[in-house]
Amino acid sequence: MGRSKFTVDKVSSQNNTPIMQNAIQAKRPSGLEGVMIGIGEQVYSILLLSVFFLEVYATGFIPFIGKVLNFLLLSWMYAYYCFEYKWNFNEVALDRRLDYFQSYWPFFAGFGSPCVLAIFFFSPLVSYGIMAILFPLFVLTATGSEADQEISFERSKWRAAGVEKLPIFYVSNNVSMWILSLLPLEKQDRTQDRKTQ
């Protein structure tokens, strides 16, 4: 993963996609503010992916199309988990990760599908063993890949081909925001106001 500044500058100058230029150029603020933003993003990411996992589990019970939806959602989930290691290392902001992931959803569906095939075609014991081998290999592949640069299609070309941005995390995001809105932040604000008075 360690690359020289020359390599990163060369890749960013060769790649004309606005998403990747923004992802490379946008870094978190330094110091305590950056640490707090990183912790907040990690907590929200855990909540978002937990709700998404419940969504994946629930789709398995839908008659007729449930298994197909379950397969597709699991493929996206495994692909996101694989690439999340790389994005955390490169300090890519959560909103940019989700935007990029939802913009190139066909690539990520294909990337995560081999991991899910083991679950659907083998017994649980065998599939867990296969996953124990496949998942680390896919994490290494995602980490070492330059998928951000190699996907040469710009959004306009994807839209011309009929591929639009797909809001994969729409339900998870809304449920997560609803859960966060239930936290008693008003009480903390009132106690802080009383302390300042």
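This is a short dialogue on reading a predicted protein model.

Student: Where do I start? What helices and strands are in the protein chain?

Tutor: Start with the overall make-up. The protein chain has 11 helices and zero strands. Along the sequence, the pattern is α-α-α-α-α-α-α-α-α-α-α. The chain has 197 residues, and 34% of them count as buried.

Student: How much area does the protein chain expose?

Tutor: About 12,400 Å². Carbon and sulfur atoms supply 66% of that area.

Student: Let's take one helix. How do I read the length of helix 6?

Tutor: Compare its reach with the expected span. Helix 6 covers residues 105-121, which is 17 residues. From first C-alpha to last, it reaches 24 Å, close to the 24 Å expected at 1.5 Å a residue.

Student: Where is the kink in helix 6 centred?

Tutor: On Pro 114. The kink is about 45°.

Student: How do I read the sides of a helix?

Tutor: Begin with the general idea. An α-helix has 3.6 residues a turn, so residues three or four places apart point the same way. Now the case here. In helix 6, the buried residues are Phe 108, Ala 109, Phe 111, Gly 112, Ser 113, Cys 115, Val 116 and Ala 118.

Student: What covers the buried residues of helix 6?

Tutor: The cover includes helix 4 (66-89), helix 5 (94-103) and helix 7 (124-144).

Student: Which residue of helix 4 could I look at?

Tutor: Try Tyr 78, which sits in helix 4. Buried means under 20% relative accessible area. Tyr 78 has 15%, so it counts as buried. Leaving aside neighbours within four places in sequence, its contacts are Gly 112, Cys 115, Val 116, Ile 119, Met 131 and Phe 135.

Student: How far apart are Tyr 78 and Phe 111?

Tutor: It depends on how you count. In sequence, they are 33 residues apart. In space, they are 8.5 Å apart, C-alpha to C-alpha.

Student: What share of the contacts in the protein chain joins residues 24 or more positions apart?

Tutor: Among contacts with a separation of 6 or more, the share is 77%.

Student: Now the surface. Which residues form the nonpolar patch?

Tutor: Leu 117, Ile 119, Phe 120, Phe 121, Phe 122 and Val 126. Together they have about 540 Å² of accessible area. Helix 6 gives the largest share, four residues. Val 126 belongs to helix 7. Its relative accessible area is 39%, so Val 126 is partly exposed.

Student: How do I read phi?

Tutor: Look at the sign. Most residues other than glycine have a negative phi. Phe 64 is not a glycine, yet its phi is positive, about 70°. Phe 64 lies in the loop between helix 3 (32-59) and helix 4.

Student: Is Phe 64 buried or exposed?

Tutor: Exposed, with a relative accessible area of 84%.

Student: How many salt bridges are there in the whole structure?

Tutor: Two. In one of them, the side chains of Arg 97 and Glu 84 meet at 3.7 Å, N to O. Arg 97 is in helix 5 and Glu 84 in helix 4, so the pair ties together parts 13 residues apart in sequence. Arg 97 is buried at 1% relative accessible area, and Glu 84 is buried at 12%.

Student: Which side chains meet in a salt bridge at 2.5 Å, N to O?

Tutor: Those of Lys 165 and Asp 99. Lys 165 lies in the loop between helix 9 (155-160) and helix 10 (170-181), and Asp 99 in helix 5, so this pair ties together parts 66 residues apart in sequence. Lys 165 counts as partly exposed, at 39% relative accessibility.

Key:
Residues are numbered from 1 along each chain as its sequence is written. This is a predicted model: local features need pLDDT of at least 70, side-chain atom pairs count only at pLDDT 80 or more; totals for chains, interfaces and linings use all residues. Side-chain values use heavy atoms; hydrogens and water are left out. Helices (H or I, at least four residues) and strands (E, at least two) are DSSP runs, numbered from the N terminus. The expected span of a helix is 1.5 Å times one less than its number of residues. The bend at a residue is the angle between axes fitted to the seven residues ending there and the seven starting there. Buried means under 20% relative accessible area, exposed over 50%, partly exposed in between (1.4 Å probe, protein chains only). Contact means heavy atoms within 4.5 Å. Patches are made of residues with over 30% relative accessible area and no salt bridge: like charges are joined within 9 Å, nonpolar side chains (Val, Leu, Ile, Met, Phe, Trp, Tyr) within 5 Å. Accessible areas come from the Shrake-Rupley method with a 1.4 Å probe; for residues, only the protein chains shown count as cover. A salt bridge is a side-chain nitrogen of Lys or Arg within 4 Å of a carboxyl oxygen of Asp or Glu.
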